[in-house]
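Student: Please take a close look with me at one part of this chain, the part around the bound ligand. I would like to know what lies around it and how that part fits into the rest.

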Amino acid sequence: MTSPIRTERHDDVLVIVSNNPPVNALGAAVRSGLEAGIKEGVADASIKAMVIRCDGRTFFAGADITEFGKPMQGPGLGTVIDMIEASDKPVVAAIHGTALGGGCEVTLGCHYRVAVPSAKIGTPEVKLGLLPGAGGTQRIPRIAGVKLALQMTATGDPISAKAAHEAGLIDRIVGEDSLEADAIAFAREVADTRPLPRASEKTAAADPAAVEEFKKANARKFRGFDAPAANIRCVEASTTGTFADGIAIERDEFMKLMMGTQSAAQRYMFFAERQAAKVDDIPADTQLRKIAKVGVVGAGTMGGGISMNFLSAGIPVTIVETAQEALDRGVGVIRKNYENSAKKGRFTQEKVEAMMGILIPTLDLNDLADCDLIIEAIYENMDVKKELFGKLDGIAKQGAILASNTSYLNVNEMADVTSRPGDVIGMHFFSPANVMKLLEVVRGAKTAPDVLATVMALAKPIGKVAVVSGVCPGFIGNRMLSQRGGPANTMLMQGVPPERIDKALTDFGMPMGVYQMSDLAGVDIGWHRDPNRIETIRDALAAKGRWGQKTKKGWYDYDENRNPSPSPEVAEIIEEFRSKSNQARRDYTDDEIIGALLYPMVNEGAKILDEGMAQRASDIDVVWIYGYGWPVYRGGPMFWANTVGLDKVVAGLEKNGVPVAPLLKRKAEAGEKF
Ligand code: 3H9
């Protein structure tokens, strides 16, 4: 097999080039090739300096994640990096694209680093539940200080070439189109400079105040995760002992994380997210339809949020409302959201104006005639939607895609009122639509393959993670979510207070509990149709004006700052219902609460999978991570069920009298996983 690494001589400079598409991951062959390249340069008396660069779209984007958990082949990355640093001839990293993880660590082993202006450098290992395990936690603080090292390793967010240059991580910014020539020229400039700057020989100054401040500022973000604290410990270790001591601690912490469930879950999600973009029965080279202009019907919260996704990606949007006031309000909210982001420094006011400049508000549906994609985000009512689809059929140009943002209605019915059901699809955005990353793409019975492929491909430029769902009530996410209301109510009737049920969920890592979510959405949803009806605890709450956060009382009482506290009135209402029913009190441990709420969701996931409504179990997990804030370190409900043990899930369901889905039962009996 030919090596992905080749060497090229430029007189007295040896350029070591990696060509390992798609992202130059540092797999075994790359590591061996790098080792051989450095040896060649060191041994050759005519070579005075070396440059390491990559072909293709990026510098090394990190260790090869597919190798993790398998027996190690070839030299370890740490060994290769130590060898680069130990070279007695200068080695220059020539960076373009994204120098990430192990790729960033390779650059830190080099004596010098040059980069093109568009390059980014970072250590995203923490997002895989890991830490930079090839010296990164020790070299970054030694070059750039503890503060930046904490930021880079524990948040995992990359920094720009400019920021890296200012911090001393990059020695020179070179021409965007002349990286190799400029890197070679730089290598010649430093060829005779001694001593060689070696990160491992520098010291990092302790900064306990920065560590404390960083921990405090990120406490909420890091809650539940193991890896950020491990990154912080390693960075701190860089200031207290020798480089070798620090490396030993880094190794130890890295191995602990690598063996743990959290990293397994996060690595699984990395691939699950990318897998979700693929539709099994549609060829990857399917010709896509061009989406240069989008129409959105409805300027409410959803329509506005949906529009923002496209405007932010530079795609013009025509937004339609039925009344001027509603249209003005919707456009005003979009502007306000953008201006708030600009105030926070996310982009300039100029960019705000540019985005608002490609938004065309109108009251005339006919203005959608030139749109390539039209998304309706109107009231959730089948008759109203059907009427709209009928109208759109008469207005939209040939080949335009007609999409519904419905969160549970039957997309096939909407498609069938048009003369072009193949062009109709569901695009279910999650609220707030400009923030939440999930896009459930609902494939109708007649949706054309190129329509599905186009919408799936569109997700990436608008910053979404798309998952395909079949047509079923609530699709993947809401269909599973609907399974937990019943068990939660049963627990209430057995004397478990709402705040305990919610706390079990938030301790598990969910952003919100069942009742906190109900208070946010509105306890009164659906109740106004028949305000005299008091059949459930929820009805009783609504009847007392306990509509949720908007009335400062719902399942909880809220203070001025929206802080919830348990409500004696709610406790009384629940007790009234409980005493009228014949439900016996039952105590639940936190684990039992979690099982009672989440096992039925896993059970529903198994049905969804069995019916072919989701392509794969990992797609279901992607829905839950990106649409509902399921803690990524638990890998989504289906992955989590595997870690619990499917036999235990089945036993839990049976104990609570829930009929077990055949697929779940079969898998549990066969000792299989999802
Ligand atoms: C590490 O370095 C540990 C060390 O500290 C210590 C070692 C001792 N490995 O994302 P894309 C695949 S941990 C294997 O769609 P983009 C990816 O699955 C690593 N495969 O492209 C996909 O495959 P497919 C730290 C990888 O342009 C294809 O490449 N580094 C890896 O949107 C294209 O990927 C990271 O965590 C990998 N490292 O984004 C960086 N990376 O086509 C991870 C990608 O079959 N990577 N693939 O679906 C990324 O963040 C993005 O891929 C990147 C490009 C920004 C580079």
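**From a loop to the ligand shell**

Tutor: Let's start at Arg223, which sits in the loop between α8 (208-222) and α9; helices here are DSSP runs of H or I with at least four residues, strands are E runs of at least two, and both are numbered from the N terminus. This is a predicted model, in which local features need pLDDT of at least 70 and side-chain atom pairs count only at pLDDT 80 or more, while totals for chains, interfaces and linings use all residues. Residue numbers start from 1 along each chain as its sequence is written.

Arg223 is exposed because it has 11 other C-beta atoms within 10 Å (12 or fewer means exposed, 20 or more buried, and in between partly exposed, with C-beta atoms placed from the backbone). Its C-alpha lies 46 Å from that of Ala49, with the two positions 174 residues apart along the chain. The loop before α8 has a feature of its own: Pro195 lies between α7 (179-190) and α8, and the Arg194 to Pro195 peptide bond is cis, with omega near 0°.

Now follow α9 to your ligand. Helix α9 (227-237) is one of the elements that the buried residues of α11 pack against, along with α10 (243-259), β17 (465-469), α25 (617-628) and α26 (636-644); contact here means backbone-placed C-beta atoms within 7 Å. Those buried residues are Gln262, Ser263, Ala264, Ala265, Gln266, Arg267, Met269, Ala272 and Ala276. Helix α11 has 16 residues and spans 22 Å from first to last C-alpha, close to the 22 Å expected at 1.5 Å a residue (1.5 Å times one less than the residue count).

Besides this packing, α11 (261-276) supplies at least two residues of the shell around the ligand, as do β5 (98-100) and α3 (102-109). Altogether 26 residues surround the ligand, and the closest are Ala61, Gly62, Ala63, Gly101 and Gly102; the cut-off is a backbone-placed C-beta within 6 Å. By class, 14 shell residues are nonpolar, eight polar and four charged. In that count, Ala, Val, Leu, Ile, Met, Phe, Trp, Tyr, Cys and Pro are nonpolar, Asp, Glu, Lys and Arg are charged, and the others, Gly among them, are polar.

To put this part in its setting, an automatic or database assignment gives domain 1 (5-259), domain 2 (294-459) and domain 3 (496-581). The centres of domain 1 and domain 3, over C-alpha atoms, are 51 Å apart. For residues 293-469, the unreviewed UniProt entry records "domain: 3-hydroxyacyl-CoA dehydrogenase NAD binding", in the numbering used here, with a shortened name and possibly by inference rather than experiment. That span is 41% helix and 20% strand, with its end C-alpha atoms 25 Å apart. A second cis bond joins Ser431 and Pro432, with omega about -10°; Pro432 lies in the loop between β15 (424-429) and β16 (438-442).

Finally, two backbone details are worth a glance. Asp11, in the loop between β1 (5-10) and β2 (13-18), has a positive phi of about 55° although it is not a glycine. Arg562, in the loop between β18 (556-558) and β19 (564-566), likewise has a positive phi, of about 65°, without being a glycine.

Terms used
Two residues are in contact if their C-beta atoms, placed from the backbone, lie within 7 Å.
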